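Let's walk through this one together, from the whole chain down to single residues. Keep the model open as you read.

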Amino acid sequence: MKVLSPLIAAAALVGGVQLFHDGNGESVANEAAPSNTYRLVANGDEGDCAVRRGASISDGLSLLTVAANCRRLLPGIERAKFWREQNDGTVAFSVNGTDPIVTFAAADGDGYESYAPALPLLSLAATGNKKSGD
């Protein structure tokens with residue numbers, strides 16, 4: 001009995017560590033959920049507005065809410081209803097889920113920078129809010 005108790009305790013400890021680290025050596029507790037709210041900025045702070053990525057509809061396609069005042073940055077962008085993330089990491093906003101109004105590439109850090117249309121240059125940076133089960 002003296003040997004059995006420490007073995008049970010050791011097994012519980014190892015199992016708990018594996019569960020906490022999700023079995024891959026990385027701590028689950030340190031993983032942050034991706035943001036779903038963003039700040040859209042034109043040409044290095046000449047204007048900004050809020051963008052919110054909503055629920056996932058299908059693989060790579062999510063609902064999108066663009067603040068009405070975003071039209072100051074890029075006329076027509078306020079009509080975008082879909083966020084499409086491609087396998088190459090690019091993100092496009094569209095009205096219908098396919099035809100992009102604006103397309104972004106991953107930038108340094110966690111944000112994105114627009115490349116189509118070429119002007120105005122837009123940056124998309126995550127704000128502090130996190131996803132809640134999308």
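Buried residues make up 31% of the 134 residues in the protein chain, where buried means under 20% relative accessible area, taken with a 1.4 Å probe and protein chains only. This is a predicted model, so local features need pLDDT of at least 70 and side-chain atom pairs count only at pLDDT 80 or more, while totals for chains, interfaces and linings use all residues. Residues are numbered from 1 along each chain as its sequence is written, and side-chain values use heavy atoms, with hydrogens and water left out.

As for the outside, the accessible surface of the protein chain is about 8,300 Å², and carbon and sulfur atoms hold 55% of that; the area comes from the Shrake-Rupley method with a 1.4 Å probe.

Now the fold. You'll find one helix and eight strands, running α-β-β-β-β-β-β-β-β along the sequence. Both kinds of element are DSSP runs numbered from the N terminus: helices are H or I with at least four residues, strands are E with at least two. The eight strands close into a barrel in the order E1-E2-E3-E4-E5-E6-E7-E8, with antiparallel pairing, and the twist averages 30° from one strand to the next. Angles like this run from 0 to 180 degrees between N-to-C directions, using axes fitted to C-alpha atoms. Pairing takes at least two DSSP bridges between two strands.

For a close-up of one pair, go to strand E7 (residues 112-116), which joins E8 in the antiparallel sense over two bridges. Here Glu113 stands opposite Ser123 in E8.

What fills the largest nonpolar core? It has 20 residues, and among those with the most contacts inside it are Leu40, Phe93 and Leu124. Such a core is a set of buried Ala, Val, Leu, Ile, Met, Phe, Trp, Tyr and Cys residues joined through side-chain atoms within 4.5 Å. Elements giving two or more residues to this core include strand E2 (47-58), strand E6 (100-106) and strand E8 (122-126), but the largest share, three residues, comes from E1.

Take Leu124: leaving out residues up to four places away in sequence, it touches residues including Leu40, Val51, Trp83 and Phe104. Contact means heavy atoms within 4.5 Å.

Is Ser94 buried or exposed? Ser94 sits in strand E5 (residues 91-94) and counts as buried because its relative accessibility is 3%. Beyond its neighbours within four places in sequence, Ser94 is in contact with Ala80, Lys81, Phe82, Asp99, Pro100 and Ile101.

Technical notes:
Buried < 20%, exposed > 50% of the residue type's maximum accessible area, 1.4 Å probe, protein only.
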